[in-house]
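Please work through the exercises below with the sequence and the coordinates at hand. Each task is followed by a stepwise solution.

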Amino acid sequence: MTENIDQIMQNATLAAAEYTQFTQEQTDKIVKSVFEAAFNNRVMLAKMAQNETSIGIWEHKVLKNVVASQLVYEDIRNLKTVGIINEDEETGIVEIAQPMGPILAIIPVTNPTSTVIFKILISLKARNPIIICPSKKAINCCSETARICYEAAINAGAPQDCIQWLTSVTREQTQELMAHKGLALILATGGSGLVKSAYSSGTPTLGVGAGNVPVFIEKSADIPFAVEQIFFSKTFDNGTICASEQAIVVEKEIADDVVEEFKKCKAYFLNHDEINLLNKVAIDETSHLMSPGIVGRSAFYIAQKAGINAPEDVRILVAPMKSVGTEFPLSSEILAPILAFYVVDTFEKAINICINLNYHGGVGHSASIFSNNDEKIKYFAIHMNAGRICVNIPSSHGAVGGMFNKLSPSFTLGCGTGGKNITTDNVTAKHLINIQRISRRRPNERFMRFDLSCYLDENLKADEINELYNKNF
Amino acid sequence: MNKYKKNNNLLNCVLTGRIDTLNSSAFEKEIDENIKEDITSVVFDLQEVDYISSAFLRIVIKTVKAIGKDNFSIINVQPSVMKVFKIANLSEIIDVK
């Protein structure tokens, strides 16, 4: 496929123009066809992604592809995205959905094929053409995913060039595309530098923020259940989901039971020297960010790389810590099977550690609690700055949505203004339409009969005017 | 059924129905056959057209390039099709009425 930016944008613009004429029925037929093609190729694409990136576990990437195709499709299938989508006789407001136009989709190396499928489905559902811009390390698997989806879309009658993909990507080209005047929106999922670059381009952007998910195992929790759920989540695709657990916080009262359960599940608790060894390979000393070389690798691989003598069947490396911050490198986000571990005296101290973790690079993203005390769950939630508070569920799957809860399944998790995003929503098709509102006259009789000159009298206070207004009849 | 009327050096193309990707390919052939050396102006009359594809828009761009911007116009456009020209960003370079 050509990498001429102007040509790509012209193709996308023409596709956008044609797509505006499609009905809901025609659009839904395309989305169904793409879902089926992506779903039917879920295993091949997962293996391809794992082979190309060496990140994660292919069986888990299959499940990611299932979420991105089947669960996303089921979630958006009945959504109205064309023409009149809502009419309210009482308010006189009628809502009309319009497509946005060409969308640029930035694809991360950690979830490449699944993110491509997801972004294509939600864009096409909203009648927007999409340009896939993959991570340099995942170009082949992303291209193949896009090609399969495009073929299915065309077979279902979609406009030519409704899906395009870049097969060789330079930073300059990406920036040129992001700033192109014909581009309507950027769906930016990736590292903070890239997301910031998208926001700075002048094109509206739905981006994501970094996570640093604290998990509070509150003393009323079912400990074996909580630990089993955490292991399921943190080891999933070797921890590559940005909503995966990063640190465990427990009260002293139940700490021994939690540690015992962790050990049963094949966690390896690191001593002080081993933590120092792991710091060096897991976190870059200058940037204080995770080292790319350990992202999505197994716990044993990372232990070996660090020179730690962990057993071969180790599933998670656990680092007992005293505090949070750059002087404690493992308290930062690491997309690999590594967990920080905190034991505190009281509930309040546990919440404070969770707040510190949340604000240490993960503002607005996600937080997790295991508890059977509803008041404490609410207390925890209110004190976190997180778009998603996962309760008694694996946070990776819980935040992505659609599996353990009723959140919209998404591979673009908004982190609110704390994460420099415009929404805390799980981004989906409804975010990719412009809504027009017809507003018919609905007179407010009381206001019409009110002597508006009252507002001109500086001596009248709000409650006095209100009284006059209410005596109006 | 598209109709082509030649009046001296002017080619008037009266198009009908839905010009989707498939129809566009037939239309392109017809246009190529009708635009001969003696044709200096081309008009597309879209009075009876209710849908245009990106393939048709490409033919429009190609025709403008071949015949020159000032010698090409599109007339009698329905609002739904006018909007497509606007979104395609072509109304600024092509005379669309």
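The exercises treat the fold of one chain, its helix packing and its chain contact in a predicted model.

**Exercise 1.** Determine which secondary-structure elements chain B contains and in what order they run.

*Solution.* Chain B has three helices and five strands. Read from the N terminus, their order is β-β-α-β-α-β-α-β.

**Exercise 2.** Assess whether the radius of gyration of chain B agrees with that of a compact globule.

*Solution.* For 97 residues, a compact globule would have a radius of gyration near 13 Å. Chain B has 12 Å, which agrees with this expectation. Along the principal axes, the C-alpha atoms of chain B fill a box of roughly 35 × 25 × 20 Å. Buried residues account for 28% of the 97 residues. Of the contacts in chain B between residues at least 6 apart in sequence, 75% join residues at least 24 apart.

**Exercise 3.** Classify the relative orientation of helix 1 and helix 2 of chain B, and identify the residues in their contact.

*Solution.* Two packed helices are described by the angle and the distance between their axes. Helix 1 (residues 21-34) and helix 2 (residues 54-67) of chain B pack at about 25°, with axes 8 Å apart. Angles under 35 degrees count as roughly parallel, and the two helices of chain B are therefore roughly parallel to each other. Helix 1 of chain B contributes Thr21(B), Ser24(B), Ser25(B), Phe27(B), Glu28(B) and Ile31(B); helix 2 of chain B contributes Ala55(B), Phe56(B), Ile59(B) and Thr63(B). By class, this contact has five nonpolar, four polar and one charged residues.

**Exercise 4.** State how many residues of chain A and chain B are in contact.

*Solution.* Twelve residues of chain A contact 13 residues of chain B. On the chain A side, the residues divide into five nonpolar, five polar and two charged.

How values were computed:
Residues numbered from 1 in each chain as written. Chains lettered and ligands numbered in written order. Predicted model: local features only at pLDDT ≥ 70, side-chain atom pairs only at ≥ 80, totals over all residues. Helix = DSSP H or I, 4+ residues; strand = E, 2+ residues; numbered from the N terminus. Rg over C-alpha atoms; globule rule 2.2 N^0.38 Å. Buried ≥ 20, exposed ≤ 12 C-beta atoms within 10 Å, placed from the backbone. Contact = placed C-beta atoms within 7 Å. Nonpolar A, V, L, I, M, F, W, Y, C, P; charged D, E, K, R; others polar. Axes fitted to C-alpha atoms, helices over the stretch in contact; angles between N-to-C directions. Parallel < 35°, antiparallel > 145°, perpendicular 65-115°, else oblique.
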